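I opened the model to look up how its parts are put together. My notes follow in the order I made them.

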Amino acid sequence: MLAVRQLSKSFPGPDGARVPVVSVAEFDLAAGEQLALRGESGSGKTTFLHLIAGILAADAGEVRIDGVGMTALGEPARDRLRAEKLGYIFQTFNLLQGFTVLENVLLGMSFGPRGADRAHARAVLERVGLGHRLGHFPRQLSTGQQQRVAVARALANRPRLVLADEPTGNLDTRHAGEALALIREVCREQGAALLLVSHDEGVLGQFALRRDFAELNQAAGEVRR
Amino acid sequence: MTLPLIVYRSLRQHALSTLITAGGIALAAGLLMTVWRVKVESQAAFTQTSAGFDAVLGARGAKLQLVLNAIFHLEASPGNVAAADAEAIRRHPMVKTAIPIAVGDNLRGFRLVGTVPDLFTGVEYAPGRKYAIEAGGRLFAADQREAVAGSFAAQRLGLRVGSVFRPFHGLNFDPKAEHAEEFTVTGILAPTNTPADRVIWLPLRGIQTMAGHDPKAATDVSAVLLQLRTPTAGFMLDMLYNKQGNRLTFAFPVGAIIAELFGKISWFDRVLELVAYLVALVAAGSVLASIYNSMSARQRDLAILRALGARRRTVFGAVLAEATVIGAVGALAGLAAHFALYAGVAGLIRAQTGVVLTPWAFHAVLVLCPLAMTALCALGGIVPAVKAYRTPVAETIAPVS
């Protein structure tokens, strides 16, 4: 499903020299698999997810999603692939504040291959327990409800891979547990692979498959310096 | 659905700045269209207004003053034409019709013009159109103190058949200059949409013999309105009166003389046009500034859209479409502003000159100006659209962990 090979990314430092942030020799995730990456703040794990999602262009290496080489593609093709194959759940949810709950999900779908399917968007929102909040704006929802909108938006396009970046970081313990269970359950239902990054041991402990990002990322030492 | 939804929501999110910007564009477009139409259509209306006459014979002076006085009932008369001269031109073989007029009095600011009944019975003021008296009225008798009121003057002064009034001396209203004679309104002219609507018509003798007027000039007229038998007659009479003679002025052709007036004030048109163009540019600039200033607030939304799979060209198109929609809404509102402005200006021109401009008539500028304003606003949207295009997704959407 996901194959990462010799992936590296660096950014210019204050003195102009390139600072390596991500350097991953090999990383794989099978279809439908759910894996948690443990990583401290500033360890480069968000950059790693951005590289997988094609939001950032890698300096070198390869990311293959469902057999398609993401890193070899031009930006428009990467955008298309992201819309077709990936769902992304952000720590800060990144909901569009001027759009209703239903519109947030529809917009997420509209860039994908199936387009904005209103009935499906409603069904997904029903599934995450927000069928009665379709016309609400994000600011009118609780934090937990906003997270559920983000989950619905990420999964509405029936992605093959869901990337979740500290998805429970803004929630209290009870809501975090509920949100995590929901994400895993819906991914399982749709057969989507899940790659979640977190520093929360409570979250990481729920996953049978766990890896330490510091061990995976050969540039981790560089980042900390 | 995506692009319209993004544009609609963005406009709603920034409703106040959208309304203010669209309002500015509406005023600019309205002003531009009004200036253009008033210029073009008033020039056409004035140059086509001849009251059915080819030429005017008057005292020695400027042709323009003579035409403005005799046809448009504006300006002062350049002087008098002796009865013998009026009679001579009437009998001239090249003249088909000669209608003498006498001016010099008013009724509360509206001009009294003395003339002969032939003006109303024998002259077409426009092709196929003759003067008509509204039902219940009749034409004045040439030897009575009677009057026929133009429709606009009657409406403004509240005159109706049977109304009695006393004229005031001079062309400008002075309450102390009231004449002793009383005139009775015998009819109201049906609207002609010409300067005749602003006039109260009296028998020629009524003006000539009014107490206080110079008895030596009791048979003089202010001008003679002429219909010629052939166009070449105009050139021959021009030679006779203007080049060989030195007592009278022969103004021919009427339309060309008025066109000269517009030629003289064309610099003013250009200034107005320039102002209107600058206002349009400022309006387009305001679209640019309004959207550009809101870009920092909306960059996060654009980055989220990009992270969801929107392409750069989609967010570029969304911002450009937003600018275009603001321009189009403003331009459409500008049409409404234009019609309101134009109706006001047309009313003013009609009140001052009797020349009628029709606000609802179609003019190409009513299509071209809104299109041009919309295009200009779209152009103004390019700069913020480029900024949207360049939005760095990763840095904008999430803190790096």
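**Notebook: a helix pair, two domains, two chains**

I looked up helix α2 (residues 15–48) of chain B and found that it packs against helix α11 (residues 312–353) of chain B at an angle of about 40°, with the axes 6 Å apart. Axes are lines fitted to C-alpha atoms, for helices over the stretch in contact, and angles run from 0 to 180 degrees between N-to-C directions. Helices are DSSP runs (H or I, at least four residues), numbered from the N terminus.

The model is predicted: local features need pLDDT of at least 70, side-chain atom pairs count only at pLDDT 80 or more, and totals for chains, interfaces and linings use all residues. Residues are numbered from 1 along each chain as its sequence is written, and chains are lettered from A and ligands numbered from 1 in the order in which they are written.

I noted that α2(B) and α11(B) are therefore oblique to each other (not under 35 degrees, not over 145 and not 65 to 115). I sorted the residues of their contact into 17 nonpolar, nine polar and one charged (Ala, Val, Leu, Ile, Met, Phe, Trp, Tyr, Cys and Pro are nonpolar; Asp, Glu, Lys and Arg charged; the others, Gly among them, polar).

Next I checked the chain contact: 21 residues of chain B meet 30 residues of chain A (contact means C-beta atoms, placed from the backbone, within 7 Å). On the chain B side, α1(B) gives the most, with six residues. I counted that side as twelve nonpolar, five polar and four charged residues.

Notes
Contact = placed C-beta atoms within 7 Å.
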